[in-house]
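Colleague: Could you take me closely through a single part of this model, and then show how the rest of the chain is arranged around that part? I would like one connected account.

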Amino acid sequence: MCAFVCVAAADACSSYEFQCHNDQCINIAWRCDGDKDCADGSDEDTTVCCEFLLFVIVWFLHIFGFC
Ligand SMILES: [Ca+2]
């Protein structure tokens, strides 16, 4: 699962940006905030927001040495 997160992070956008499905880069803080910041609205997609939650969980597991 951790490897998946690392692969997912290695996209065209920088580490503090989220890549929309249309390859647009937006500030990662704008992801899942209730406003559509991507032209295609993909930053508010249910799947994207679910992955974001997973990323946060894995990040916490990593910080506390579980993976
Ligand atoms: Ca947003």
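**A close look at helix α2**

Modeller: Of the 18 residues of α2, the number buried is zero, so this helix lies largely in the open. Please keep in mind that the model is predicted. Helix α2 covers residues 46-63, and from its first C-alpha to its last it reaches 26 Å, close to the 26 Å expected at 1.5 Å a residue. Just after α2 comes G65, which takes a positive phi of about 80 degrees.

To place the helix, it helps to set out the whole chain. The protein chain has two helices and two strands, and from the N terminus on these run α-β-β-α. Of its 67 residues, 7% count as buried. Among contacts between residues at least 6 apart in sequence, 13% join residues at least 24 apart.

Within α2, V48 is a useful residue to follow. V48 has 18 C-beta neighbours inside 10 Å and therefore counts as partly exposed, given that 20 or more would be needed for a buried residue. Leaving aside neighbours within four places in sequence, V48 is in contact with R31, S42 and D43. V48 can also be related to a residue much earlier in the numbering, since H21 is 27 residues away in sequence, while the two C-alpha atoms are 9.7 Å apart in space.

A second link to the part of the chain before the helix involves C49, whose C-alpha is 9.4 Å from that of D33, although 16 residues separate the pair in sequence. D33 itself belongs to the loop between β2 (25-27) and α2, and with 12 C-beta neighbours inside 10 Å it counts as exposed. In that loop one also finds C32, which has a phi near 60 degrees, a positive value in a residue other than glycine. Most residues other than glycine have a negative phi. C32 is partly exposed, with 18 other C-beta atoms within 10 Å.

A positive phi occurs also at D23, where the angle is near 70 degrees, again in a residue other than glycine. D23 sits in the loop between β1 (17-19) and β2, and its 11 C-beta neighbours inside 10 Å make it an exposed residue.

The strands can be approached through E17, which lies in β1. E17 is partly exposed, having 17 other C-beta atoms within 10 Å. Not counting residues up to four places away in sequence, E17 touches C25, I26, N27 and I28. For N27, which is ten residues from E17 in sequence, the C-alpha to C-alpha distance is 4.6 Å.

Finally, a word on how far to trust these details. The mean pLDDT of the protein chain is 84, and 84% of its residues reach 70 or more. Among the elements, β2 has the highest mean pLDDT, at 95, whereas helix α1 (residues 2-9) has the lowest, at 50. Where pLDDT is low, the predicted coordinates should not be read in detail.

How values were computed. Residues are numbered from 1 along each chain as its sequence is written. This is a predicted model: local features need pLDDT of at least 70, side-chain atom pairs count only at pLDDT 80 or more; totals for chains, interfaces and linings use all residues. Helices (H or I, at least four residues) and strands (E, at least two) are DSSP runs, numbered from the N terminus. The expected span of a helix is 1.5 Å times one less than its number of residues. Two residues are in contact if their C-beta atoms, placed from the backbone, lie within 7 Å. pLDDT is the predictor's confidence in each residue, from 0 to 100.
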